[in-house]
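Visitor: I'm new to reading protein structures. Could you show me one and explain how the labels people use are earned?

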Amino acid sequence: MRAVTGAVLDLCCVGAFVAIGRASHTEGETLAGLARTAWPFLTGLAAGWLVTRAWRRPGAVVPVGTGVWISTVALGMLLRAASGQGVAIAFIVVALAFLVLFMLGWRLVTGRFATSSPG
């Protein structure tokens, strides 16, 4: 898998998390609102990619996927708290669950397809 594809898939996971979360709280879908909610998680995602060197094996569940997932949520929550945004326990649990499902999920799915042989 190419690094660009992996990065786009991770970005889509964070984007979906932010968009669904804002919509569920009827906060509106303005570009500024989406950006305000997304930037902490996108920063965590970028840090996770750097720390795990995800560009080498972007589809690997361990250590890349787990490292990127934990970094996205942990740094995202720290930055949200530092910027005065909410970090309720329920929100942390939802973020962990949603992002593990999708960020590790695409890696598991693509790994299965990549290793499965026809017939």
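Guide: Sure, and let's start with rings. Two rings of Phe, Tyr or Trp count as a pair if their centres lie within 6.5 Å. By that rule this structure, which is a predicted model, holds 5 aromatic pairs.

Visitor: What makes the pair of Phe17 and Phe91 stacked?

Guide: Look at the two values. The ring centres are 5.9 Å apart and the planes sit at 25°. Planes under 30 degrees apart count as stacked, so this pair gets that label. The pair also links distant parts of the chain: Phe17 belongs to helix α1 (residues 3–24) and Phe91 to helix α4 (residues 89–115), with their positions 74 residues apart.

Visitor: Why is Phe17 called buried?

Guide: Buried means under 20% relative accessible area. Phe17 has 6%, so it counts as buried.

Visitor: And why is Phe91 called partly exposed?

Guide: Partly exposed covers what lies between the buried limit of 20% and the exposed limit of 50%. Phe91 comes in at 24% relative accessibility, so partly exposed is the right label.

Visitor: What makes the pair of Phe41 and Phe91 edge-to-face?

Guide: Here the angle between the planes is 70°, and the rings are 6.2 Å apart centre to centre. Planes over 60 degrees apart count as edge-to-face. This pair links distant parts of the chain too, with Phe41 in helix α2 (residues 31–52) and Phe91 in helix α4, 50 residues apart. Phe41 has a relative accessible area of 0%, so it is buried. Ring pairs join Phe17, Phe41, Phe91, Phe98 and Phe102 into a cluster.

Visitor: Let's step back to the whole chain. How many helices and strands does the protein chain have?

Guide: There are 4 helices and 0 strands. Reading from the N terminus, the order is α-α-α-α.

Visitor: How do you know that the chain is as compact as a globular protein of that length?

Guide: We set its radius of gyration against a rule. The globule rule gives 14 Å for 119 residues, and the chain has 15 Å, which is close, so the label holds. Its C-alpha atoms fill a box of roughly 50 × 30 × 25 Å along the principal axes. As for burial, 33% of the 119 residues count as buried.

Visitor: What share of the contacts comes from residues 24 or more positions apart?

Guide: Counting contacts with a separation of 6 or more, those residues account for 69%.

Visitor: Now α3. How do you know that its length agrees with what a helix should span?

Guide: Helix α3 has 22 residues, and at 1.5 Å a residue they should span 32 Å. The end C-alpha atoms are 30 Å apart, which agrees. Several of its residues are buried, including Val64, Val68, Trp69, Gly76 and Met77. Just after α3, Gly84 takes a positive phi of about 80°.

Visitor: Why is Thr72 called buried?

Guide: Thr72 sits in helix α3 (residues 61–82). Its relative accessibility is 0%, under the 20% limit, so it counts as buried. Beyond neighbours within four places in sequence, Thr72 is in contact with Val14, Phe41, Gly44, Leu45, Leu99 and Met103. Its side chain also reaches the backbone oxygen of Val68 at 2.7 Å.

Visitor: What makes Arg80 buried?

Guide: Arg80 is in helix α3 as well. With a relative accessible area of 10%, it falls under the 20% limit, so buried is the label. Leaving aside neighbours within four places, the contacts of Arg80 include Thr37, Pro40, Phe41, Gln85 and Phe91.

Visitor: What kind of peptide bond runs from Val62 to Pro63?

Guide: That bond is cis, with omega near 0°. Pro63 itself is found in helix α3.

Visitor: Last one: why is Arg53 called partly exposed?

Guide: Arg53 has 42% relative accessibility, which lies between the 20% and 50% limits, so partly exposed fits. You'll find Arg53 in the loop between α2 and α3. Its phi is near 50°, a positive value in a residue other than glycine.

Notes. Residues numbered from 1 in each chain as written. Heavy atoms only, no water. Helix = DSSP H or I, 4+ residues; strand = E, 2+ residues; numbered from the N terminus. Rg over C-alpha atoms; globule rule 2.2 N^0.38 Å. Buried < 20%, exposed > 50% of the residue type's maximum accessible area, 1.4 Å probe, protein only. Contact = heavy atoms within 4.5 Å. Polar contact = N/O pair within 3.5 Å; in protein donor to acceptor, adjacent residues only side chain to side chain. Expected span 1.5 Å × (residues − 1). Phe/Tyr/Trp six-rings, centres within 6.5 Å; stacked < 30°, edge-to-face > 60°.
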